[in-house]
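Trainee: Could we go through this structure together? I would like to learn where the descriptive words come from.
Mentor: Gladly. Ask away, and we will set each term against its cut-off.

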Amino acid sequence: MKLHPVGIIGTGKYVPERILTNQELEQMVETNDEWIVTRTGIKERRIAAAEQATSDLAFEASKIAIAAAGITAEDLDLIIVATITPDTFFPSTACLVQEKLGAKKAAAFDLSAACSGFIYGLATASNMIATGMYKYVLVVGAECLSRITDYTDRNTCILFGDGAGAAVLGKVPEGRGFKSFELGADGSGGELLCLSGGGSRLPSSTESIASKQHFIYMAGSEVFKFAVRIMGSAAEEALRKAGMEKSEIDLLIPHQANVRIIQSALNRLNLPEEKAMINLDKYGNVSAASIPIALAEAVEQNRVNEGDCLVLVGFGGGLTWGASVLVW
Ligand code: UT7
């Protein structure tokens, strides 16, 4: 079967207005701006307003991506929302976004792969278009991590923020588009980064709430070691599958968890810092939304030109990881 080349034909991002600075966090937990900046690179993050939920952020980013693609919401065949902070268990956040957009003919589902979710979503969507099943698919990474963050836990509360990034996928000319995907998972590391309360294993109860099991738990240094190892190897594997060399990368769009993790990936790929899109100083770690926000911002800043070779790479809870080579 002949597969159509598939690429990203429109991007968009939305971040809430409220900025939470390191200085404000100094008033909340035993931490300081210098520690946060040197250990993570983060200076501030965005926090959703009380009336905003994940689907609201996703909707704002999606409208921009759809307009940039030159289509209307009614042209969409499918909406995939990658998130670990859905508005509700069900209906899915993707169904809520479908309704807000008026994307009447679109199917819709959520995808759970934590910070790797957007790349998992791109892989799913691109194959559906390549085989001719669908023409236009909207892939969104959206999170309200502030709703599952314990603002008395300095190990995690300094890291996370809220926001959404979106991409419309469609057919592109020969030679362009996605060249490869590398997806992976290691469920044995699931307990290193998780939210254990509120599911079928530990339903919500006064006890589960009192023991703070509705907040993110993270074994930071273990996740850090995994991230350093996997970011480089996943990117290398995606390049190998695409038949491309490290030296051909024009821009790396990494998951924005920690600037030291990004620097280690750059070293492994022999790339200077200018070849990475880094915006975690402004937004912190937005899980599934980090990569699409970084991509949309790179497009806004004209850092992406036709024919450029982009490598998208991320890792996260699960444990999961994903990388893709994309010719713009
Ligand atoms: O999207 C994927 C999710 N997560 C990640 O990618 C996070 C990966 N991990 C990391 O980015 C890093 O491990 C952290 C930024 C979370 C922590 O940095 P670290 O260099 O690994 O620090 P550490 O956990 O080894 O802690 C070093 C020290 C400890 O004090 P002691 O035991 O040496 O006295 C911590 O208690 O720093 C202390 N510490 C803090 N100090 C000030 C931990 N958090 C803070 C804080 N402010 N916020």
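Trainee: How do you know that helix H3 and helix H4 are oblique to each other?
Mentor: In this predicted model, the axes of H3 (residues 54-69) and H4 (residues 93-101) come within 9 Å and cross at roughly 55 degrees. Angles under 35 degrees count as roughly parallel, and 65 to 115 as roughly perpendicular. The crossing fits neither of those ranges, so H3 and H4 are oblique to each other. The crossing is also right-handed.

Trainee: What makes the contact between H3 and H4?
Mentor: On the H3 side there are Thr 54, Ser 55, Asp 56, Ala 58, Phe 59, Ser 62, Lys 63 and Ile 66. H4 brings Thr 93, Leu 96, Val 97, Lys 100 and Leu 101. Sorted by class, this contact has six nonpolar, four polar and three charged residues.

Trainee: Let's turn to the five-stranded sheet. Why are strand E1 and strand E5 said to stand at the edges?
Mentor: The order in this open sheet is E1-E7-E6-E4-E5, with mixed pairing. E1 (6-14) and E5 (107-111) each have a single partner strand, so one side of each is left without a neighbour in the sheet. On average, neighbouring strands here are turned by 20 degrees against each other, direction ignored.

Trainee: How do you know that strand E6 and strand E7 pair?
Mentor: Two strands pair if at least two bridges are found between them. E6 (residues 137-144) and E7 (residues 162-171) have eight bridges, in the antiparallel sense, so they meet that cut-off. As an example, Glu 143 has Gly 163 in E7 as its bridge partner.

Trainee: Which helices lie against this sheet?
Mentor: H3 is one of them: it packs on the sheet and touches E1, E6 and E7, its direction making about 130 degrees with that of E1. Helix H11 (residues 290-300) lies across E1, E6 and E7 as well, running at about 95 degrees to E1. With 65 to 115 degrees counting as roughly perpendicular, H11 is therefore roughly perpendicular to E1.

Trainee: And the four-stranded sheet: what makes strand E8 and strand E11 edge strands?
Mentor: That open sheet has the order E8-E13-E12-E11 and mixed pairing. E8 (177-185) and E11 (251-254) each pair on one side only. The twist averages 10 degrees from one strand to the next.

Trainee: What joins strand E13 to E8 and to strand E12?
Mentor: Eight bridges join E8 to E13, and the two run antiparallel; there, Leu 183 is partnered with Gly 322 of E13. Eight bridges also join E12 (residues 309-316) to E13 (residues 320-327), again antiparallel, with Phe 315 facing Trp 321 as its bridge partner. E12 and E13 form a hairpin with three residues between them, and Gly 318 in the turn has a positive phi of about 140 degrees.

Trainee: Why is E13 called mostly covered?
Mentor: Buried means under 20% relative accessible area, and eight of the eight residues of E13 are buried, so the description fits. Thr 320, Gly 322, Ser 324 and Leu 326 point one way, while Trp 321, Ala 323, Val 325 and Val 327 point the other way. Helix H5 (residues 117-130) lies across E8, E12 and E13, at about 125 degrees to E8.

Technical notes:
Residues are numbered from 1 along each chain as its sequence is written. This is a predicted model: local features need pLDDT of at least 70, side-chain atom pairs count only at pLDDT 80 or more; totals for chains, interfaces and linings use all residues. Side-chain values use heavy atoms; hydrogens and water are left out. Axes are lines fitted to C-alpha atoms, for helices over the stretch in contact, and angles run from 0 to 180 degrees between N-to-C directions. Angles under 35 degrees count as roughly parallel, over 145 as roughly antiparallel, 65 to 115 as roughly perpendicular and the rest as oblique. A crossing is left-handed if the near helix is turned anticlockwise from the far one by less than a right angle, and right-handed if clockwise. Contact means heavy atoms within 4.5 Å. Ala, Val, Leu, Ile, Met, Phe, Trp, Tyr, Cys and Pro count as nonpolar, Asp, Glu, Lys and Arg as charged, and the others, Gly among them, as polar. Buried means under 20% relative accessible area, exposed over 50%, partly exposed in between (1.4 Å probe, protein chains only).
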